[in-house]
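Hello,

Here is the structure I promised to pass on to you. Have a look at it first, and then read on for what turned up in it.

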Amino acid sequence: MAKKLIAVVPLWDDEKESIWMLPGYMNGIAAAGGIPVILPLTEAEADALEVFDRCDGLLLTGGHDISPALYRQPRSSRCGPTCRARDRMESALYARALAEDRPVLGICRGDSAHQRPAGGHPVSGSAHGV
């Protein structure tokens with residue numbers, strides 16, 4: 001049986017203006033018998049979905065806070081940095097995964113990304129112990 005390709009949403013470094021990844025995410029997928037595929041961080045939904053369409057599952061990683069604007073909520077003082085490109089990309093990826101019944105694992109921020117399409121409202125800054 002072929003190994004499963006798992007799409008991984010990259011982390012964003014504001015200072016370096018660069019994507020990056022924690023080895024633990026990649027190693028965990030490999031240890032489970034999958035092949036991790038780091039997605040490009042892009043606001044071009046079609047490009048992200050084209051890569052994702054070749055994958056069997058999705059890992060929504062931790063990272064920046066999700067913009068409260070996506071929940072139609074005001075930005076609180078507890079809200080940390082956000083990443084607009086990532087917010088948009090994850091929304092499209094999650095919707096596709098849900099529509100096609102593909103497995104999704106969300107960690108920290110990634111778990112919060114599951115809540116929005118279901119009508120939830122994560123608490124800004126909650127990943128920072130607030």
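Let me start with Lys 4, which sits in the segment before strand 1. This is a predicted model, so please read everything below as computed from that prediction. Is Lys 4 buried, exposed or partly exposed? Its relative accessibility is 43%, so Lys 4 counts as partly exposed. If we leave out the neighbours within four places in sequence, Lys 4 has contacts with Gly 33, Gly 34, Ile 35 and Asp 56. Another residue to look at alongside it is Ala 30: the two are 26 residues apart along the chain, and their C-alpha atoms are separated by 9.7 Å.

Lys 4 also belongs to the lining of the second largest pocket. That pocket holds about 180 Å³ of space. Besides Lys 4, the residues around the pocket include Ile 6, Ile 29, Ala 32, Pro 103 and Val 104. Strand 5 and strand 6 are the elements that give two or more residues to this lining. Which of the elements gives the most? That is strand 5, with three residues. Gly 57, Leu 58 and Leu 59 are on the lining list, and strand 5 covers residues 57–60.

Now for the overall picture. The protein has four helices and six strands, and from the N terminus on they follow the order β-β-β-α-β-α-β-α-β-α. The chain has 130 residues, and 39% of them count as buried. The accessible surface comes to about 7,200 Å², with 54% of it belonging to carbon and sulfur atoms. Among contacts between residues at least 6 apart in sequence, 66% join residues at least 24 apart.

Next, the sheet. Four strands form an open sheet in the order 4-1-5-6, and the pairing is parallel. Why do strand 4 and strand 6 each have one side without a neighbour in the sheet? Both stand at the edges and have a single partner strand each, so nothing in the sheet pairs with the other side. On average, neighbouring strands here are turned by 25 degrees against each other, direction ignored.

You can follow the pairings strand by strand. Strand 1 (residues 5–8) is joined to strand 5 by three bridges. Within that pair, Ile 6 stands opposite Gly 57, and Ala 7 stands opposite Leu 58. Strand 1 also pairs with strand 4, over four bridges and in the parallel sense; here Val 8 stands opposite Ile 38. Helix 1 (residues 23–31) lies across strand 1, strand 4 and strand 5, and runs at about 145 degrees to strand 4.

Two buried residues are worth finding on your screen. Arg 86 is in helix 3. With a relative accessible area of 1%, Arg 86 is buried, because the limit for that label is under 20%. Leaving aside the neighbours within four places in sequence, Arg 86 is in contact with Val 9, Pro 10, Leu 11, Leu 41, Thr 61, Gly 62, Gly 63, His 64 and Arg 109. The other residue is Pro 68, in the loop between strand 5 and helix 3. Pro 68 counts as buried as well, at 4% relative accessibility. Its C-alpha atom is separated by 9.1 Å from that of Thr 82, which is 14 residues away along the chain.

Finally, a word on backbone angles. Most residues other than glycine have a negative phi. Which way does phi go at Glu 17? Phi of Glu 17 is positive, near 50 degrees. Glu 17 is found in the loop between strand 2 (11–13) and strand 3 (18–20), and it is exposed, with a relative accessible area of 63%. Asp 101 also has a positive phi, of about 55 degrees, although it is not a glycine. Asp 101 lies in the loop between helix 3 (84–99) and strand 6 (104–106), and at 70% relative accessibility Asp 101 counts as exposed.

Enjoy looking around, and write back with any questions.

Best wishes

Conventions: Residues numbered from 1 in each chain as written. Predicted model: local features only at pLDDT ≥ 70, side-chain atom pairs only at ≥ 80, totals over all residues. Heavy atoms only, no water. Buried < 20%, exposed > 50% of the residue type's maximum accessible area, 1.4 Å probe, protein only. Contact = heavy atoms within 4.5 Å. Areas by Shrake-Rupley, 256 points an atom, 1.4 Å probe, with all protein chains shown as cover. Pairing = 2+ DSSP bridges. Axes fitted to C-alpha atoms, helices over the stretch in contact; angles between N-to-C directions. 1 Å grid on protein atoms, 1.4 Å probe; cavity = no way out; pocket = protein on both sides within 12 Å on 5 of 7 lines; lining within 4 Å. Points joined across faces, edges and corners; volume = space filled by probe spheres on them.
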